[in-house]
Amino acid sequence: MKSEIKTYTRPQIKLLLIFDHGVLILGAAFMILPVLMLLQMTTMPDLFNMKTGPSLAIGDQLDDNFRKAMFEADGFSGANTGVRMLWNSMILGLGFAAGKIVLGMMAAYAIVYFRMRFATFAFWIIFTTLLLPLEVRILPSYEIVQHLGMLNTYQGLIIPLIASATATFFFRQYFRSIPEELIEAARIDGAGPFKFFVDILVPLSQTMIAAMFIIMFVYGWNQYLWPTMITTDEDMFTLVRGIKQITQSLEGTSLPEYGRANMLALVAILPPVLIVIFFQSWFVKGLTESDK
Amino acid sequence: MAQVTLSEITKVYPNGFTAVHPASFDIPDGEFVVLVGPSGCGKSTMLRMIAGLEDISQGDLNIGTRQVNNVDPADRDIAMVFQNYALYPHMSVRKNIGYGLKNRKIDKDEIDRKVREASTMLNLDDYLDRKPSQLSGGQRQRVAMGRAIVRDPALFLFDEPLSNLDAKLRTQMRIEIKALQRRLGVTAVYVTHDQVEAMTMADRIIVMNEGRIEQIGTPVDVYNTPETTFVASFMGAPPMNLMAGNIAGGKLRVGEEPIAYDNLPHSGDVTIGIRPEDIVPDERGDITIDVTLVEELGAHRLLHGTIAGQDISIHVDKDNMINTGALRVSLKPNAVSLFDAITGKRLT
Ligand SMILES: Nc1ncnc2c1ncn2[C@@H]1O[C@H](COP(=O)(O)OP(=O)(O)OP(=O)(O)O)[C@@H](O)[C@H]1O
Ligand SMILES: [Mg+2]
């Protein structure tokens, strides 16, 4: 007897596929719409934006707005150009991420690998600081920074923010998953605490560090309240904080420069997006995989 | 190379659990000692105390002429091979092997030379630039060995290094490790729960149970004259038959069945131990066994049955086509071990 194997192409499955993708595309479009709106408005003259708001028209002001956004300042000193603010944001983002990672790793290292009394207790204390974000302690923090003379400095911008329960927590979990035998092998190989950290732990944590870096960079980049309080000199403004300044200048005869502000907003979105795109695979690896 | 001396070494874990009761033994220079016992008996604990990875609660440990109780693992002049190899995943084979030397501030050319030497010895020359994840289990095991031998230690420590390998590779590595140890002449302590490994590799076997040393002796000693019923049942596959018996008037019996032994100095209840291969089918034998099951092992056949209501196994050649039913057997000379029925200790 001949057995026949029939292959059906199942239309239901295809429909389901189309439906799935439809939902995804819709979601994506919904998320990206504001960005497109921003983009559209940067191409129009400010007067038009003022009168009509977002529209479907594409104007010719893109390069002009870009020039204004990046190279012109609106303050008294003329220091807060887009380029300058981009630079400041970059320093904040990088410093913030690097600081949190270094500090978090060291704290986790101490908690996991050293036989301290109250290590667990110390960890939970660190952990509970999650309940005390900067906003809660902003006045005392400000006062301390002021007393230390760190207003309008990068140190003042970064250091008060870098103590991180989140990073400590993730690194702690990660370190605990590293097999005990590896540590013992290193001990027998004569690696002291410092060498073990540098030679073994840091390289092993690469993917974790990368994942943390992305999260923390974006987090630092988007800081708003703290930079607003700590920086009054225009050459210390960050992008996120500086944009506000522009749309606010309603007084006098000048129009709010929507085109320019929107352009800056777009510029402000770009670095985090690029970082996420380029480090995406690391990110996923760091949080899900452990190649030990 | 060194002699190792343990006297009254004890381990009490912080939770109060005594994992190793006072244990004393010497390991002469160059000897291959195997610590064997069931899971949880304290073998690893013992080894880790020798390595310095676990504090010694009490007792003295000497490696060579030095008391090393409080010496850091790195300074005990030992090398250890772990069950999961514990290779550094981010380092190449070359770096893995050389890492210990690098930490000892030995100069680069010297490290390079030693790594090459070790890798040649272990057939790893082609893999020096690979990462551990790109190696097979056997190769990883060799890298772990390499890491141990480049350091020229006085003492090798192995904690079940072969248990992650498949059966065939295990047999092969067993021979390689033993040969390597012979060649280098380094004293070695090897932990395993596999009694075949213990028998084949050891110069001397230390059998442990529940934190206590049951017997120390050569493989032949341990196999032929087990000191306790535990050793009798642990060493050998299939294990020694252990049956409740009785001595009255110098005569030994299992139930009503007399066993060919006269003039014994003991009397009362005993445990009788007989190796399955020491029982031979014999038409004129005076012991009758009721065979209920035959197990085919290829080269051998294992007959399971009862004698006076107690289980017994017999090991026969593959050509011996015996079937279930009553079987007359006799015993080889000196086949019977007698143990105290209560303490389980061997009666002379
Ligand atoms: N840190 C510890 N605290 C308390 N008890 C422990 C600790 N480590 C091990 N033990 C106990 O000590 C006993 C011996 O453990 P050990 O690891 O030496 O066993 P082992 O003989 O190596 O067994 P296996 O063959 O399974 O590796 C076990 O009963 C174990 O539960
Ligand atoms: Mg063990």
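This passage walks through a predicted model of two chains and a ligand, going from the contact between the chains to the domains inside each one and then to the ligand site.

Start with where the two chains meet. On the chain B side, 25 residues are in contact with 17 residues of chain A. Putting the two chains together buries about 1,800 Å², and carbon and sulfur atoms account for 55% of that area. Charge pairing also features here, with 2 salt bridges counted between chain B and chain A. One of the pairs found is R151(B) with D189(A), whose closest N and O atoms sit 3.8 Å apart. Polar contacts add to the picture: 9 residue pairs across the interface of chain B and chain A qualify, with both partners at pLDDT 80 or more. As for secondary structure, strand and helix both take part, since β6 (78–81) and α2 (93–103) of chain B each put at least two residues into the side that touches chain A. Of the elements on that side, α2(B) gives the largest share, at 4 residues. Sorted by class, the chain B side that touches chain A comes out as 14 nonpolar, 6 polar and 5 charged residues.

Next, the inside of chain A. The chain splits into domain 1, covering residues 10–62, and domain 2, covering residues 82–289. Taken over C-alpha atoms, the centres of these two domains of chain A are 32 Å apart. The domains do touch: 10 residues of domain 1 of chain A are in contact with 11 residues of domain 2 of chain A. About 930 Å² is buried between the two, and 80% of it comes from carbon and sulfur atoms. On the domain 1 side of chain A, the residues that lose the most area to domain 2 are L38(A), D46(A) and M50(A), which together make up 51% of what that side buries. No salt bridges turn up between domain 1 and domain 2 of chain A (the count is 0), but 2 residue pairs are in polar contact, both partners being at pLDDT 80 or more. Two helices, α1 (11–42) and α2 (46–52) of chain A, each supply at least two residues of the domain 1 side that touches domain 2. Helix α1(A) gives the most to that side, with 5 residues. By class, the domain 1 side of chain A facing domain 2 holds 7 nonpolar, 2 polar and 1 charged residues.

Chain B is also a two-domain affair, with domain 1 running over 4–233 and domain 2 over 238–340. Here the C-alpha centres of domain 1 and domain 2 of chain B are separated by 38 Å. Contact between these domains involves 9 residues of domain 1 of chain B and 8 residues of domain 2 of chain B. The two domains of chain B bury about 660 Å² between them, 58% of it on carbon and sulfur atoms. Much of the domain 1 share can be pinned on a trio: Y223(B), T229(B) and A232(B) supply 67% of the area that domain 1 of chain B buries against domain 2, more than any other three residues. Salt bridges number 0 across this interface of chain B, while 3 residue pairs are in polar contact, again with both at pLDDT 80 or more. Helices α7 (219–224) and α8 (229–234) of chain B each bring at least two residues to the domain 1 side that touches domain 2. The residues on that side of chain B divide into 4 nonpolar, 4 polar and 1 charged.

Now for the ligand. Ligand 1 is surrounded by chain B residues, among them Y13(B), N15(B), F17(B) and A19(B). The surrounding set also takes in the run S39(B), G40(B), C41(B), G42(B), K43(B), S44(B) and T45(B), along with E160(B). Several of these put polar side-chain atoms by the ligand's oxygens. For S44(B), a polar side-chain atom lies 2.5 Å from an oxygen atom of ligand 1. T45(B) likewise has a side-chain N or O atom 2.5 Å from an oxygen atom of ligand 1. With E160(B), the distance from a side-chain N or O atom to an oxygen atom of ligand 1 is 3.1 Å.

One last local detail in chain B concerns N62(B), which is found in strand β4 (residues 58–63). A polar atom of the N62(B) side chain lies 3.3 Å from the backbone nitrogen of Q67(B). Setting aside neighbours within four places in sequence, N62(B) is in contact with Q3(B), V4(B), T5(B) and Q67(B).

Terms used
Residues numbered from 1 in each chain as written. Chains lettered and ligands numbered in written order. Predicted model: local features only at pLDDT ≥ 70, side-chain atom pairs only at ≥ 80, totals over all residues. Heavy atoms only, no water. Domains from an automatic or database assignment. Contact = heavy atoms within 4.5 Å. Buried area = accessible area lost by both parts, 1.4 Å probe. Salt bridge = Lys/Arg side-chain N within 4 Å of Asp/Glu carboxyl O. Polar contact = N/O pair within 3.5 Å; in protein donor to acceptor, adjacent residues only side chain to side chain. Nonpolar A, V, L, I, M, F, W, Y, C, P; charged D, E, K, R; others polar. Near = heavy atom within 4 Å.
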